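Trainee: Could you take me through the salt bridges in this one? I'd like a close look at who pairs with whom, and where the partners sit.

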Amino acid sequence: MNDIAHPVQGAAYPLLPMRGLSVFPEMLINFDVIRPKSVAALNSALEADRMIFIVAQRDISKEIPAERDLYAIGTICRIKQLLRIPGTEGVRVLVEGYKRARINRFEEREAFHFAEVSAIEDGDARYPSAKAEALLRQCLALFGEYAHLFGALPPELLAKIANSDKPGYVADFIAQNIYMKPEKKQALLEELNPLHRVQLLSRFLTREIAVLSIEQDLNERTHEQMSQSQKDFFLREQMKLIQAELGEFDETYEDFQAYRKKIYALKLADELAEKLLKEVSRLAKQPAGSSESAVLRNYLDTCLELPWNKKTRESIDIAKARKVLDDDHFGLEKVKDRIIEYLAVKQLSPGLKGTVLCLVGPPGTGKTSVAMSIARATNRRFARISLGGVHDEAEIRGHRKTYVGAMPGRIIAGIEQAGSANPLMLLDEVDKLAGDYRGDPAAALLEALDFEQNHGFRDHYIELPFDLSDTMFITTANTTETIPRALLDRMEVITLSSYTDEEKLEIAKRHLIPKQRKKHGLAANRLKLSDDAIRELIARYTKESGVRNLEREIAAICRKTAKRIAGGQAKSLSLRAGMLEGLLGPAKFKPDLLSPSDEIGLVRGLAWTSAGGAVLDVEASVLDGAGSLELTGNLGDVMKESARAAVSYIRSRADVLGIQRDFYKTKDIHIHFPEGAVPKDGPSAGITICIAVTSALTGIPVRRDVAMTGEISLRGRVMPIGGLREKTMAALRSGIKTVIIPAENETDLEEIDQTVRRALNFVTTDHVDKILDIALNRSISFSVRSAAQEDEALPFIDTDATVCSAALRQ
């Protein structure tokens, strides 16, 4: 140490900031330096007196530290050796610590940092007191125990300080040569009292010894387990050799090992792995070719093929998802908005689990295809399960593997088909499930569709909990009436209404025609359809709520066009209105035309069917008789009750309506619904029946351009109905001008297509009396009253119905 220049108070040195490293006085240490400024500081020190000030950084992530990023106390060191690292700008340096020092002034130069420091006298001297000796002994004992546990420290380290009676030197020596967190070493460097420094080091050593003891214990346990595994391996190898010598070697042993390797590779939960390993052990004990062996092999193959921990990375890009959905489907805004909302929430809350949507709508409205688009938009695998006609609960949850031909249920089979634990699973036609003596499949779906419990869904076949909480379920149905209440409660219902003619036109132009052209090998210039031709195709060759039949007719046009082009009869075909009959034959449907005149007892009602809306004529006839009520037309019980309620209301209002009071005794009333082969039911025809019977009894015809829908009570109150969107579209197609609806359905008018709202006058009412003047044409009447009433004038009912057409047209 004699060759070291003695620092003076306020001396300035090049500053070398260190990341995660402290240098203690009188200690030799080597390290690599890479940062250009640090290398420049070393070069500057070499050109001077080889003295440099080394201080640790507070934040090791800082590439170019400022003064606030450095500790206040460091060490003045002398550079003993410096070597260039080949192939790099860095150097390897050996330094020797001299004294602790405190930064007085920090100077940041362009090439490197500079610091003016004040040396700190350690005051380390021999402490003859018993306390000092006790602290030293304790510290040395702890260091010896640490060295024993650590195992990588050379024995001579302890010998160097064994006889030292300088506490500060002993503490600095030990701190420099053991692993310790940087902040702890800095704390020791900043502790200026030697005895306090030894005490602090003893506390740190005690903590490190406890950690090393735990690590050693864990290592011993791991070693024991590995030793047992190696022992098992050697024993199995010896067993194989013995079996081979005896000619009893069984190649199936390799299969058992392959099963075990696959189970370990899946990294399953302990419960699952233990169960599967137990089944492998059972399989190993079975005689070759036994039926139980085949059952166990099928079971293991099925379980190991499931994607237990395999998931696709879900896309939550809203703009991309919206583009995919818009490119694939026209309309369906409710479904698209709901998926975009789901993705938006997923962005804000990544832990959001799956969801269950129920798409309800008529056939051909795109329920299944939009589910496929959702899967593509969210980057989920797609699995479709058809539930139509499923009667057996085991179809959903699987059979016990003890049964012959047992297999997993459709949900687990769908997961296996998708190859992912977070697919989009489509449960198609969920409204057509039906239970029998074999159980209720709808009840079996309750657990799978409940996100509070489907994280541990158990199929009867695999008998292991499978996590379905990341699966997105989408169900489809034509109606919710046949879906059990408990199952419906677990789903978010989104209604897909029938398409209007204008929507069908856009769908045909954007999707159906290009699809069929491509399928039939026709270029866009080979087949062209004008808008009027497509409208004629929709109106006269199809009658549906969706577009399935429309696509079939377009396919027929493409086939016939291809035939003409292939036969040399034409090079291309351009179709306009009036030209379809030559390709498709006579029109299949004639447009519904209004009657030439207003008729007595004939009212146009509006009905909802699974194929969309329909105009339903209601005929009423009054005959001399004994007061019987005849109902025909294949009616259900609810519709029959509506007819009786309407007649009872008319009896209670006979005087106001100008009808003889005893008509129910002297007249027979026959109410008929045409198309008797079609079953009809529901309460929404109540107001229609009431107006038809009133017209027949009063002899006043009903306006032919008025249609109506609404349930009626015994007091004549008009109550709300469903399916208004489909019903109004049917009214527009039939040439109706005015539609009477219940007042409580006024809010539903917002859901109606703009084309329909502009074309129709809507009248809302809460009572039958208020729409008699709108429905009946009082300018024409044929009396059916008694002679005593012949001279009486039929009173006009004061109406208070609300006409909505003006507001809707705005």
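Here is a walk through the salt bridges, pair by pair.

Mentor: Sure, but keep in mind that this is a predicted model: local features need pLDDT of at least 70, side-chain atom pairs count only at pLDDT 80 or more, and totals for chains, interfaces and linings use all residues. Residues are numbered from 1 along each chain as its sequence is written, and side-chain values use heavy atoms, with hydrogens and water left out.

A search of the whole structure turns up 36 salt bridges, each one a side-chain nitrogen of Lys or Arg within 4 Å of a carboxyl oxygen of Asp or Glu. Take Arg-100 and Asp-172, whose closest N and O atoms are 2.9 Å apart. Arg-100 sits in strand E5 and Asp-172 in helix H4, 72 residues apart; helices (H or I, at least four residues) and strands (E, at least two) are DSSP runs, numbered from the N terminus. Both Arg-100 and Asp-172 are buried, where buried means under 20% relative accessible area, exposed over 50%, and partly exposed in between (1.4 Å probe, protein chains only).

Next, Arg-338 bridges to Glu-492 at 2.8 Å between the closest N and O atoms. Arg-338 belongs to helix H11 and Glu-492 to strand E13, so this pair ties together parts 154 residues apart in sequence. Arg-338 counts as buried because its relative accessibility is 17%, whereas Glu-492, at 31%, is partly exposed.

Then there's Asp-769 with Arg-653, closest N and O atoms 2.3 Å apart. Both lie in loops, Asp-769 between strand E24 and helix H27, Arg-653 between helices H21 and H22, so parts 116 residues apart in sequence are tied together. Asp-769 is buried at 10%, while Arg-653 is partly exposed at 26%.
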